[in-house]
Amino acid sequence: MSTPPPPTSRLKDALGSLPARLLVAFLLPMLLFLALTGTAVYALARSILEDELGNSLSAIAAATASQVNGERMLTVEPGDDTSGTRTWRNLVRLLTELRDASGVRRVYVVDTQGRVRVDVGGGLPVGTEVPELARDRLELSRVFSGQRAASQVLFTGSDGRLYKTGYAPVRRDTEVVGAVAVEGSAAFFGPLSRLSRSFAAASVVALGVLGLVAVLTARGLARPLRRLMDSALRIGRGDLTTPVPPEPTREIGVLARELEVMRGALESRDRQLKLMLAGVAHEVRNPIGGISLFSGLLAEDLNAGAHQDAAGHVARIQREVEYLQRIVEDFLAFAREQPLSREPVAAPDLLQEASGLLAADAAAREVTVEVEAEPAVLEADGSLLTAALVNLVKNAVQASPPGGRVRVTGRGEGLGYTIRVQDSGPGVPEAERERIFEPFFTTREKGTGLGLPLSRKIARAHGGELRLVPSSPGATTFELTLPRGTTPASS
């Protein structure tokens with residue numbers, strides 16, 4: 001039994017999967033954006049509201065200070081709140097009315113030493129130092145210099161709410177003799193907190209929706225990619241017959257099509273390789289059998305002293321070895337991927353050279369080879385094209401009867417150049433026309449069946465094609481088309 005992967009390995013695979021990566025790619029930037037945006041908006045709104053509250057409280061303080069007589073304020077002494085002097089009562093009534101009208105929590109007046117003269121809402125006795133003033137020394141220094149100001153920080157009152165204080169100077173003529181302090185509730189923090197919670201809830205919903213979209217998108221991408229992965233694994237395991245299913249998505253569809261093209265090419269190459277191996281095995285078996293037979297006869301004749309018969313056996317063995325060597329050479333020529341060495345080649349010279357190499361074979365069979373070629377220059381590998389033409393002309397010579405004629409013609413047609421090799425033989429039977437380009441298919445006893453497949457392979461490597469032209473018995477024509485070169489032909 002196989003050992004299951006450890007939990008850490010499974011976790012690593014899960015985090016490295018496409019859905020997990022897309023989920024992180026979708027949610028992490030959005031989470032950072034919402035967090036930064038929410039924090040920035042909250043801080044900005046709080047700062048604006050705090051400034052507005054401070055300005056409002058300092059304005060109320062200034063309005064109150066304008067109604068406080070500095071001279072009378074200084075006449076209030078400790079104990080006046082207990083005895084209830086007229087001046088103290090008047091100040092208390094004034095501050096109470098202003099407090100109730102403005103809706104603030106507390107209004108009090110202090111002298112420049114920070115001692116209470118009147119405190120409405122705080123309950124501090126006259127002459128007591130206000131502890132909160134120690135927190136706002138900087139603001140009070142500005143107030144005692146004749147400006148109004150507000151505390152920079154919020155503080156928590158006895159009721160647990162947040163408050164802010166606004167200050168304004170109290171003057172006696174032009175001299176600042178005290179300050180009015182107004183404490184107001186930061187009530188905006190309630191709606192602001194609710195807004196913050198609403199934003200957080202909306203962010204959670206948005207992240208949830210985005211996460212769902214990420215999961216659905218990841219699944220939509222993962223399914224076709226998983227199918228492609230399965231197809232690739234099947235191809236890797238050697239299953240070249242199962243086609244790669246098409247995919248609707250454009251990019252993945254292109255990948256699927258290219259993978260299917262690759263699979264088809266591999267299947268074709270595998271089928272071709274199996275066919276070639278079977279053909280080689282079949283073709284090699286006969287000469288090896290002959291070599292084994294005649295080598296045994298040779299040994300018997302040598303032991304018996306029949307040297308004259310031994311010479312014939314040696315000749316047969318040599319012919320079988322030559323045939324075996326030709327099979328191996330043809331097989332290697334067909335199987336080897338030879339890089340093209342292109343250079344300008346004159347088409348008439350190419351046809352003349354290929355025909356000249358078979359002049360002896362043609363003369364032995366009393367066959368006439370005629371060459372007629374229009375001037376043209378081909379950008380090609382001359383040696384490979386010569387080998388392809390030699391195969392075609394050789395087949396034509398062997399197919400022609402004694403006294404027959406083989407015509408090799410070359411004509412420029414449009415942007416290409418067409419070479420036709422026509423013989424006067426019996427023609428190719430209808431049943432064999434579809435198979436003549438298959439490797440190792442031959443109708444001759446000593447043929448390897450690789451000549452035509454090799455010639456077609458060379459033609460396609462040059463960007464051309466080789467085909468059998470439909471013809472009647474007594475006239476077989478093979479047509480080799482090639483692209484022209486860019487070099488002008490010499491006159």
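Select strand 10 and strand 11 (residues 416–423) in this predicted model. Strand 10 and strand 11 run antiparallel and are joined by seven bridges. One place to check the register is Thr409, which stands opposite Arg420 in strand 11. Now move to the turn: the hairpin of strand 10 and strand 11 has two residues between the strands, and Gly414 takes a positive phi near 65° there.

Next, add strand 8 (residues 368–373) beside strand 10 (residues 405–413). Here the two strands run parallel, with six bridges between them. Label two pairs along this edge. Thr368 has Arg405 in strand 10 as its bridge partner, and Val371 stands opposite Val408 in strand 10.

Widen the selection to the whole sheet. Five strands make up an open sheet of mixed pairing, in the order 8-10-11-13-12. Strand 8 and strand 12 (465–469) are the edge strands, each pairing on one side only. From one strand to the next, the twist averages 15°.

Now show the helices that lie across this sheet. Helix 10 (residues 347–357) lies across strand 8, strand 10 and strand 11, and runs at about 170° to strand 8. Helix 12 (residues 382–399) lies across strand 8, strand 10, strand 11, strand 12 and strand 13 (476–483). Its angle to strand 11 is about 25°.

Move to strand 1 (residues 106–111), where six of six residues are buried. In a regular strand, side chains alternate between the two faces of the sheet. Colour the two sides of strand 1 separately: Arg106, Tyr108 and Val110 are on one side, and Val107, Val109 and Asp111 are on the other. Both faces are covered, with all of these residues buried.

Then bring in the partners of strand 1. Strand 6 (residues 175–185) pairs with strand 1 in the antiparallel sense over six bridges, and Asp111 stands opposite Gly178 in strand 6. Strand 2 (residues 116–120) also pairs with strand 1 in the antiparallel sense, over four bridges; here Val107 stands opposite Val120. Follow strand 1 into strand 2 and stop at the hairpin, which has four residues between the strands. Gly114 in this hairpin takes a positive phi near 85°.

For the last stop, select helix 2 (residues 18–65) and find Leu31 in it. Show the side chains of Val24, Leu28, Leu31, Leu32 and Leu36, which make a nonpolar surface patch of about 490 Å². Leu31 counts as partly exposed because its relative accessibility is 43%, and the partly exposed range lies between 20% and 50%.

Terms used: Residues are numbered from 1 along each chain as its sequence is written. This is a predicted model: local features need pLDDT of at least 70, side-chain atom pairs count only at pLDDT 80 or more; totals for chains, interfaces and linings use all residues. Side-chain values use heavy atoms; hydrogens and water are left out. Patches are made of residues with over 30% relative accessible area and no salt bridge: like charges are joined within 9 Å, nonpolar side chains (Val, Leu, Ile, Met, Phe, Trp, Tyr) within 5 Å. Accessible areas come from the Shrake-Rupley method with a 1.4 Å probe; for residues, only the protein chains shown count as cover. A salt bridge is a side-chain nitrogen of Lys or Arg within 4 Å of a carboxyl oxygen of Asp or Glu. Buried means under 20% relative accessible area, exposed over 50%, partly exposed in between (1.4 Å probe, protein chains only). Two strands pair if DSSP finds at least two bridges between them. Axes are lines fitted to C-alpha atoms, for helices over the stretch in contact, and angles run from 0 to 180 degrees between N-to-C directions. Contact means heavy atoms within 4.5 Å.
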